[in-house]
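Student: I'd like to learn how to read a structure like this one. Can you walk me through it, feature by feature?

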Amino acid sequence: MSTHVAERTEAAPRTDRAPLLKLTGIKKHFPLTRGIIFQKKIGAVHAVDGVDLEVYPGETLGLVGETGCGKSTLARVIMRLHESTEGTIQFEGRDITHLEGKELRALRRNMQMIFQDPYASLNPRKTVGAIIGEPFRLHGTVPKNRIRDEVKQIMQLVGLNPEHYNRYPHAFSGGQRQRIGFARALALRPKLIVCDEPVSALDVSIQAQILNLLEDIQEEFNLTYVFIAHDLSVVKHVSDRVAVMYLGKIVELAPGETLYKNPKHPYTGALMSAVPIADPDLATVKKRIILEGDVPSPINPPLGCRFHPRCPRAQLPICAEQEPQLLPQHPGQVAACHFPLEDRAVITEDIETPLHKAEDAPPDGQTAAKAPDPSQWEPGNAE
Amino acid sequence: MAEPLLEVKNLKVQFPTEDGVVKAVDGTSFSVAPGETLGVVGESFLTVMGLVTKREARISGEILFRGQDLLKLPPEDFREIRGAKISMIFQDPLTALNPVHRVGNQIAEVFQVHRKVSKKEAFDEAINLLQLVGIPEPAKRARRYPHEFSGGMRQRAMIAMALALSPDLIIADEPTTALDVTVQAQILDLIDQMKKEFDAAVILITHDLGVVAEHCDDIMVMYAGRMVEYGEARDIYYGAHHPYTWGLLQSIARMDQARTERLRPIKGQPPSLIHVPPGCPFNPRCPYVMDICRTEVPQLIPADGHHASACHLPLSEKERIVKEEVLVH
Ligand SMILES: Nc1ncnc2c1ncn2[C@@H]1O[C@H](COP(=O)(O)OP(=O)(O)OP(=O)(O)O)[C@@H](O)[C@H]1O
Ligand SMILES: Nc1ncnc2c1ncn2[C@@H]1O[C@H](COP(=O)(O)OP(=O)(O)OP(=O)(O)O)[C@@H](O)[C@H]1O
Ligand code: SF4
Ligand code: SF4
Ligand SMILES: [Mg+2]
Ligand SMILES: [Mg+2]
């Protein structure tokens, strides 16, 4: 599998079809309570706070954003591992938001998840064959006497040696364990696989093996992926479209190439400009937008645009009062910002405007915002 | 180049285990000068300074700090130098910060122990440092506990602590792996800035070839406990001489790459450090392997002054391959 090096064909636009997965107004709030016996609700973590998203059959949708912005929570809501607080989830046009019991189990055949940690997610007391064959036994999709052959076939497919059927997980390296998790997810031929940081724990040279494998299998089974990762180069490489999250909301969504060359949301711009480039000459000419301050607390997200306390382009009062909606930009691109970035701002223009330089007028002549009071953009000030 | 601050000569580190001896570092030599950042990439590199305190390790070779061999020092003198002159920054700040003490007190304690100043003075110094590393409202923050800080702020606090005594050498072991790119950029800039401020030397250990490209002067590539290549950043990125380095450069996804391009991973798995393959340790995974590679260990040989690699391929062949096969994307 890893030996064939045929070039992929550029993905055809797939968004003309009916979505496989559709989220409307999805929220997930975790209650914050005080007291041990009489729990009193004193607030909520707004982990996911109003997400609309469509994922099309056969595409890979990347999901990126700062730590704690709600990516894993959204993934678990999609998988129905978390009950959503608000909103609806549709899978193949059917409302699955509140499915239970048998129906939910049937749905799980079509949706699978792979996790970041290939060590923690495999039962150490079961053989690899038993782990991969478990979904067959649970769902009864393959007659008992055929399970072994079926499992060996999947092992072959993901690049594991079928002779290792009877080995235990500890005898495998990190990359091989990730293959085992992937084989288990594939067993029931799902339509959608949600990958939460599938390669972050692996060595660079092994990461590439797993990423190529994910791509090969996608073509073979016409799989759809939701792919979460910190490494933007990896996300751009695997994704047809990339959604950028900030504090529980999607702030921009576009094909990876567009996002990299023409980000519209200032947060995306900062993110793209911060990616380290493995090329010393390019690295020295690259313009970087430095974001001041930390991510605000998801317990009391800022009013208006959630990014305004850190945004180098924020204009008060509008950015602090009106929440921007996701609006079309370039074809296939939407962004939620009152004052979107100019084209190619990150790559060619000098828009080095961190807060302390706010007195310089931005290139389009708009007046930049005054630097906000730092006490506003600190998390933990919710006391 | 300036006099080296740290000079490591033929360092070997082994751990006896039930399954056999782990050869974590197998004869490595290098040096760093003040104001310089040395990047370390690759599989298996034992964090040189941290390990010396590990009792279970068997260590041989020399670690010269300002010409003095740290391995020959009595433990208390070594701890003194380590505490005052060499600072470490780890991947996970929570392991370095004590969860039950206020952040400011932890930094202040470093001053009190090493500098015999009053509690009040030490705390004021701590606040100054928190300010220096870019923590807003440092006086207020100094009274908080580590868990009340975000990941990025904890990393800053740890850097503040590492800088408390103006160290000569800063060793950063994957300092930003757990952080996202915007915070990562801030922290790496901060380390650069601190290096200038204190005229310190920095050793930056990381898996991320992008990070080394932007922040390092020299780069050392390690494989199976050995240095397989050494050179200036430009030597490594534009003219690498070792098949493992080529493999690393080819296997990373790049932002400027078209989506249709396929990644080119290194085949196979990294070896166990107990059973390192004979000859060149990379030979089972190397696409250019020759007969000699299975029996003879290649030595680290300089091609021109600074740039050295440990591989049996003739230099002309390396230069051809890197031009014709590696750098064409
Ligand atoms: N079970 C829970 N109870 C309370 N709060 C939670 C729970 N799970 C997540 N959170 C909070 O919700 C927010 C979003 O967390 P989530 O794990 O989804 O972030 P993420 O984007 O996946 O971050 P990372 O990149 O670090 O994995 C965080 O503030 C987190 O602390
Ligand atoms: N106390 C110990 N006993 C036995 N082996 C050890 C011990 N400490 C480290 N090792 C081994 O030494 C080798 C190098 O360890 P080290 O932690 O430096 O690797 P690394 O390259 O930093 O890895 P990572 O990328 O995961 O951080 C590893 O194979 C490890 O298993
Ligand atoms: S809406 Fe205003 S604050 Fe928000 S990202 Fe756009 S310019 Fe910045
Ligand atoms: S010495 Fe031989 S096996 Fe080792 S890297 Fe060079 S060519 Fe490959
Ligand atoms: Mg997560
Ligand atoms: Mg390490």
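Tutor: Sure, and let's begin with a term. Helices and strands here are DSSP runs, numbered from the N terminus, and a helix needs at least four residues. With that in hand, B:Ile107 can be placed in helix H4 of chain B. Keep in mind that this is a predicted model.

Student: Is B:Ile107 buried or exposed?

Tutor: The cut-off for buried is under 20% relative accessible area, and for exposed over 50%. B:Ile107 comes in at 1% relative accessibility, so it counts as buried.

Student: And which residues does B:Ile107 touch?

Tutor: Leaving out residues up to four places away in sequence, its partners are B:Ala126, B:Leu129, B:Leu130, B:Ala157, B:Ala160 and B:Met161. Take B:Ala160 as a case: B:Ile107 and B:Ala160 are 53 residues apart in sequence, yet their C-alpha atoms are 7.5 Å apart in space.

Student: What about the rest of that helix?

Tutor: H4 of chain B covers residues 103-115, which is 13 residues. From first C-alpha to last it reaches 19 Å, close to the 18 Å expected at 1.5 Å a residue. B:Ile107 has buried company in H4(B), including B:Val103, B:Gly104 and B:Phe111. The buried residues of H4(B) pack against helix H5 (119-132) and helix H7 (151-163) of chain B.

Student: Where does B:Lys116 sit?

Tutor: B:Lys116 is in the loop between H4 and H5 of chain B, just after H4(B). Its phi is positive, about 40°, although it is not a glycine. At 72% relative accessibility, B:Lys116 counts as exposed.

Student: Which residue in the loop between strand S4 (58-65) and strand S5 (68-69) of chain B should I look at?

Tutor: Try B:Arg66, which lies in that loop. Phi of B:Arg66 is near 50°, a positive value in a residue other than glycine. B:Arg66 counts as exposed, at 55% relative accessibility.

Student: How do I read the sides of a helix?

Tutor: Here's the general idea: an α-helix has 3.6 residues a turn, so residues three or four places apart point the same way. Now go to helix H2 (residues 75-85) of chain B, where B:Phe78, B:Ile81 and B:Ala84 are buried. They cover an arc of only 150° around the axis, which puts them on the same side of H2(B). B:Pro75 and B:Arg79 are exposed, on the other side of H2(B).

Student: What does a partly exposed residue look like?

Tutor: Look at B:Met290, with a relative accessible area of 27%, which makes it partly exposed. B:Met290 is in the loop between helix H11 (243-251) and strand S11 (301-304) of chain B. It touches B:His312 and B:Leu313, again not counting residues up to four places away in sequence. For distance, try B:Met290 and B:Ala201: they are 89 residues apart in sequence and 39 Å apart in space, C-alpha to C-alpha.

Student: Let's switch to chain A. How many helices and strands does chain A have?

Tutor: Chain A has 11 helices and 12 strands. Of its 383 residues, 54% are buried. Chain A exposes about 17000 Å², and carbon and sulfur atoms supply 52% of that area.

Student: Which residues are around ligand 1?

Tutor: Among them are A:Phe30, A:Val45, A:Thr67, A:His230 and A:Pro298. To read a ligand site, go through the polar pairs. A backbone N or O atom of A:Gly68 lies 2.8 Å from an oxygen atom of ligand 1. A:Lys71 has a polar side-chain atom 2.8 Å from a ligand oxygen, and A:Ser72 has one at 2.7 Å. On its own, ligand 1 has 640 Å² of accessible area, and the protein covers 62% of it. Strand S2 (40-55) and helix H1 (71-78) of chain A are the elements that give two or more residues to the shell. H1(A) gives the largest share, 3 residues.

Student: What does the side chain of A:Asp240 reach?

Tutor: It reaches the backbone nitrogen of A:Thr60, at 2.7 Å. A:Asp240 lies in the loop between helix H7 (232-238) and strand S9 (241-246) of chain A. With a relative accessible area of 14%, A:Asp240 is buried.

Student: Is the peptide bond from A:Leu316 to A:Pro317 cis or trans?

Tutor: That bond is cis, with omega near 5°. You'll find A:Pro317 in the loop between helix H10 (280-285) and helix H11 (318-321) of chain A.

Definitions and conventions: Residues are numbered from 1 along each chain as its sequence is written. Chains are lettered from A and ligands numbered from 1 in the order in which they are written. This is a predicted model: local features need pLDDT of at least 70, side-chain atom pairs count only at pLDDT 80 or more; totals for chains, interfaces and linings use all residues. Side-chain values use heavy atoms; hydrogens and water are left out. Buried means under 20% relative accessible area, exposed over 50%, partly exposed in between (1.4 Å probe, protein chains only). Contact means heavy atoms within 4.5 Å. The arc is that of the directions from the helix axis to the C-beta atoms. Accessible areas come from the Shrake-Rupley method with a 1.4 Å probe; for residues, only the protein chains shown count as cover. The expected span of a helix is 1.5 Å times one less than its number of residues. A residue is near a molecule or strand if one of its heavy atoms lies within 4 Å of it. A polar contact is a pair of N or O atoms within 3.5 Å; within protein, one must be able to donate a hydrogen and the other to accept it, and residues adjacent in sequence count only if both atoms are side-chain atoms.
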